[in-house]
Amino acid sequence: KILNACESGSIGGDACRQFDVLNNALDDSLAMHSIAARFEHLLGWTAAATNHGLHALLYRGDPDRNRSLFKAVGDEWKKIFEANTEVVVSEELRKFAIWMCESFQKLLKEAKKEYGDYAKYTFNFIKKPRVQKAVASAAAPTKVGTNQQEN
């Protein structure tokens, strides 16, 4: 509801207020010592931002500040997903949080299509294993009649 309260009709002013609300909510969640409480607050942050859509923030907000905010949220999600949260968070809730993060990630990707390069944002919230180069090189096809791999 507080994101809706930020809307006054002035898109630039709305963007500033939305940033302040989201940034302060993130600060509140980072100050929590309990992983369960931090998880709940970050999930609320992500759900609220996704459900609201953040039109003003994505359209008129300062892109550098926005990137910094989205990176900080993503980094905090990475820490939580890496932590042993099974003790305090059910698997169903963890899956829901991942789905919500994916929805927020999609919102940010679509912002570039809607608002242009000005709104080019990423949201990396979980560490995914990388394919090792040795494995990738072994899978590369070889040129016919030679022992060389195509690059």
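**Where to begin: leucine 54**

Where is leucine 54 found? Leucine 54 sits in the loop between helix 3 (35–52) and helix 4 (55–60); helices (H or I, at least four residues) and strands (E, at least two) are DSSP runs, numbered from the N terminus. Leucine 54 has a positive phi of about 55° although it is not a glycine. With a relative accessible area of 0%, leucine 54 is buried, where buried means under 20% relative accessible area, exposed over 50%, and partly exposed in between (1.4 Å probe, protein chains only). Its C-alpha atom and that of alanine 111, 57 residues apart along the chain, are separated by 9.7 Å.

A word on the model itself: it is predicted, so local features need pLDDT of at least 70 and side-chain atom pairs count only at pLDDT 80 or more, while totals for chains, interfaces and linings use all residues. Residues are numbered from 1 along each chain as its sequence is written, and side-chain values use heavy atoms, with hydrogens and water left out.

**The overall picture**

Let us step back to the whole protein. There are seven helices and zero strands, and from the N terminus on the elements run α-α-α-α-α-α-α. Of the 151 residues, 34% are buried.

Contact here means heavy atoms within 4.5 Å. Among the contacts with a separation of 6 or more, 68% come from residues 24 or more positions apart. The accessible surface comes to about 9600 Å², and 52% of that belongs to carbon and sulfur atoms; accessible areas come from the Shrake-Rupley method with a 1.4 Å probe, and for residues only the protein chains shown count as cover.

**Helix 5 and its two sides**

Helix 5 (63–82) is a good place to linger. At 1.5 Å a residue, its 20 residues should span 28 Å, and its end C-alpha atoms are 28 Å apart, which agrees; the expected span is 1.5 Å times one less than the number of residues. Its buried residues are Pro63, Asn66, Leu69, Phe70, Val73, Gly74, Glu76, Trp77, Ile80 and Phe81. Seen down the helix axis, these buried residues fall within an arc of 160°, so they line one face of helix 5; the arc is that of the directions from the helix axis to the C-beta atoms. An α-helix has 3.6 residues a turn, so residues three or four places apart point the same way.

What do the buried residues of helix 5 pack against? They pack against helix 2 (11–30), helix 3, helix 4 and helix 6. The face turned away from the buried side carries the exposed residues Asp64, Lys71 and Lys79.

**Threonine 50 and aspartate 117**

Threonine 50 belongs to helix 3 and is buried, with a relative accessible area of 17%. Leaving aside its neighbours within four places in sequence, threonine 50 is in contact with Met100, Ser103, Phe104 and Leu107.

Aspartate 117 lies in the loop between helix 6 and helix 7 (133–139) and is exposed, with a relative accessible area of 59%. Leaving aside neighbours within four places in sequence, aspartate 117 is in contact with Arg67 and Lys112. Aspartate 117 and proline 63 are 54 residues apart in sequence and 10.0 Å apart in space, C-alpha to C-alpha.

**Valine 87 at the surface**

Valine 87 is found in the loop between helix 5 and helix 6 (91–115), and it is exposed, with a relative accessible area of 69%.
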